[in-house]
Structures are given as structure tokens and as C-alpha cells.
Amino acid sequence: MFEHVQKRHRVFFVYIGGESPLKEKYIDAASELIVYTYFFSASEEVVPEYVTLKEMPAVLVFKDETYFVYDEYEDGDLSSWINRERFQNYLTMDGFLLYELGDTGKLVAIAVIDEKNTSVEHTRLKSIIQEVARDYRDQFHRDFQFGHMDGNDYINTLLMDELKVPTVVVLNTSNQQYFLLDRQIKNAEDMVQFINNVLDGTVDAQGGDSILQRLKRIVFDAKSTIVSIFKSSPLMGCFLFGLPLGVISIMCYGIYTADTDGGYIEERYEVSKSETESPEPVEESKEKQEPRSGDSLVPAVQEPKDVLEKKKD
């Protein structure tokens, strides 16, 4: 049964031993992470002869054609250890896998290559990453995940820049920081030195999830979406963006012209009103300002209405 499970699953966990507090923790972790990997329990007689255990009970992970034993003092919480170890040490990366690796807290060292390109440079970088993942596993497995990615399209969206291929980039998927090469990688030793420099902070981190970076990412994503639409279907892009802009332009023009005509009509109305009302006051003022001959300069006293009517008759 053990051999059958080992052939079917590339990564699986096994609890070995009887009842114990460790088994309770293992069952709780398995209940939480069962959707991601495989969990089994067995007696000591079931495991292969090449497996050596210093103490019982124990939790083991079988992967990469070998096994690793959980150490509570070095590895910390069991669930966290299982979450970190549920991936193979070297993987073919894609966007979904990078998203999942964000929960592990590990840095991801990726050889970005073109798999269709069989040149020496592309194949050399991939083999160097594989060599480091295999030979320096005990040194870096707690902090690093290794792999390669075909093409730079997805990486460009993370870096918001055009990444040259082939190259190596180290990603911190938990906060969107990244580290680019500060030297030419010729062999595994150069790669190990670069990784050590990343760990000790010698290589400056770029990117991140600050407010400024988030605003830049929004602008970059919008720009990338528009460009991709026009590249894939120019007519559809013209329709999607031209129609709303045309409608908004017509509305703005209509509002502007309506405002201008209204102001012009109101101005004409005020001018015509002033022309029709101005003659009468002018005549009245002239009569008041120019007294007839023989009249005294003493202001005239308003006469009663009946006297004025008699005078008029």
C-alpha cells in the first residue's frame, strides 16, 4: 500500500506512531490542508528500510525522491511546516502556482526562459536553478522555492516592466517585492552567492505593496488591458472606447452651445427692454428740468385732482 501511494503522489505526508499529542496536531493540520495535499498514518513497519527515525512518533513528508522529518524545535508550528513543504522543491511556475506560494512565506527563485529556444544560455540557467534546488536543499529549503517559467508575460505584470529573457528573478509573493540579478550567473556557485546576498539584504528589494506602488499597478493594469484589447481586436477596441467618448463629447458640446445661446438671448432681451422703457423717463426729466417761461423758480405745489380736471376742460 505504501509503494502504491508513493507511485501515485509526488508529495504526501505520513504520521508514524501511536496515540500522542503530535497525532492530534497532525489530524488538525490534515483537516485544514486536506484540499492541498495528501495525509496518511502508518506503523513503523510499513515505511521503507531506508527511512531512519531518531524518535517516535514522527511526521514525514515524502517528495523529490527522498523524505524529510518534521522537527518541532527547528520547523516551528506543524501546520506551517506542512504548508511550506507541500510543494516539490523545483516546479514549473505559472500565475496560479505563484499565488499559492504566497501562503508559504518563501522567496521564489525563478529562471525566466523561453522553452522553445534551445540556445545554451536558456538551457544553462534552467540547469543551474535545478542544481541549486537539488544540491543546496538543506541550506535553502526553509526560505526558498525554486523553479522556471516559460516566457515573461506574467512576470512583466508583477514587475510592471519588460524583463529580459533569459534571466533569474527572485520574488517575494507575499508583498510583491522582487530582486534582480546584480551579477552574471555562470554556475551554481554564482547563483548561491546571489541567493545569500538576497537573504542578508545586500541586494536591494524593488517593488512592494505601498500606496504609491498600488497606484502605479492600477495605472499599469489599465494600460495593459487597453493595449491588449487593441492588439487582439482593433475594431472592438475602437467600439468599446470610441462610442462612450463620442457620446460624452456630444453631451459636452450640447451643454456648451445651449449655455451660449441662452446668454445671447438674455442679453438681447435686456437691450430691447432698456430701449422701450428709456423714452418716457427722458421726456419727464426734460419737462422737470426745463421750466416754461414766466414760471418762478419756486417749486410747484401739487394741485388737487378736481382743479386739474377743470383746467383741462
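Visitor: Before anything else, what counts as a polar contact here?
Guide: A polar contact is a pair of N or O atoms within 3.5 Å; within protein, one must be able to donate a hydrogen and the other to accept it. The model here is predicted.

Visitor: Ok, which residue caps the N-terminal end of H4?
Guide: Asp77 does, with a side-chain oxygen 3.2 Å from the backbone nitrogen of Ser79.

Visitor: And H4 itself, where does it run, and how many of its residues are buried?
Guide: Helix H4 covers residues 78-85, and six of its eight residues are buried.

Visitor: Which ones?
Guide: The buried residues in H4 are Leu78, Trp81, Ile82, Asn83, Arg84 and Glu85.

Visitor: How do people describe two packed helices?
Guide: By the angle between their axes and the distance between the axes.

Visitor: So what are the values for H2 and H4?
Guide: The axis of H2, residues 21-33, comes within 9 Å of the H4 axis, and the two cross at roughly 50°. H2 and H4 are therefore oblique to each other.

Visitor: Left-handed or right-handed crossing?
Guide: Right-handed, for H2 and H4. On the H2 side the contact involves Leu22, Lys25, Tyr26, Ala29, Glu32 and Leu33, and on the H4 side Leu78, Ser79, Ile82 and Asn83.

Visitor: Switching to the whole protein. How many helices and strands?
Guide: There are 13 helices and ten strands.

Visitor: What share of the residues is buried?
Guide: Of the 313 residues, 32% are buried.

Visitor: And the exposed surface? What supplies it?
Guide: The protein exposes about 21300 Å², and carbon and sulfur atoms supply 54% of that.

How values were computed:
Residues are numbered from 1 along each chain as its sequence is written. This is a predicted model: local features need pLDDT of at least 70, side-chain atom pairs count only at pLDDT 80 or more; totals for chains, interfaces and linings use all residues. Side-chain values use heavy atoms; hydrogens and water are left out. Helices (H or I, at least four residues) and strands (E, at least two) are DSSP runs, numbered from the N terminus. Buried means under 20% relative accessible area, exposed over 50%, partly exposed in between (1.4 Å probe, protein chains only). Accessible areas come from the Shrake-Rupley method with a 1.4 Å probe; for residues, only the protein chains shown count as cover. Axes are lines fitted to C-alpha atoms, for helices over the stretch in contact, and angles run from 0 to 180 degrees between N-to-C directions. Angles under 35 degrees count as roughly parallel, over 145 as roughly antiparallel, 65 to 115 as roughly perpendicular and the rest as oblique. A crossing is left-handed if the near helix is turned anticlockwise from the far one by less than a right angle, and right-handed if clockwise. Contact means heavy atoms within 4.5 Å.
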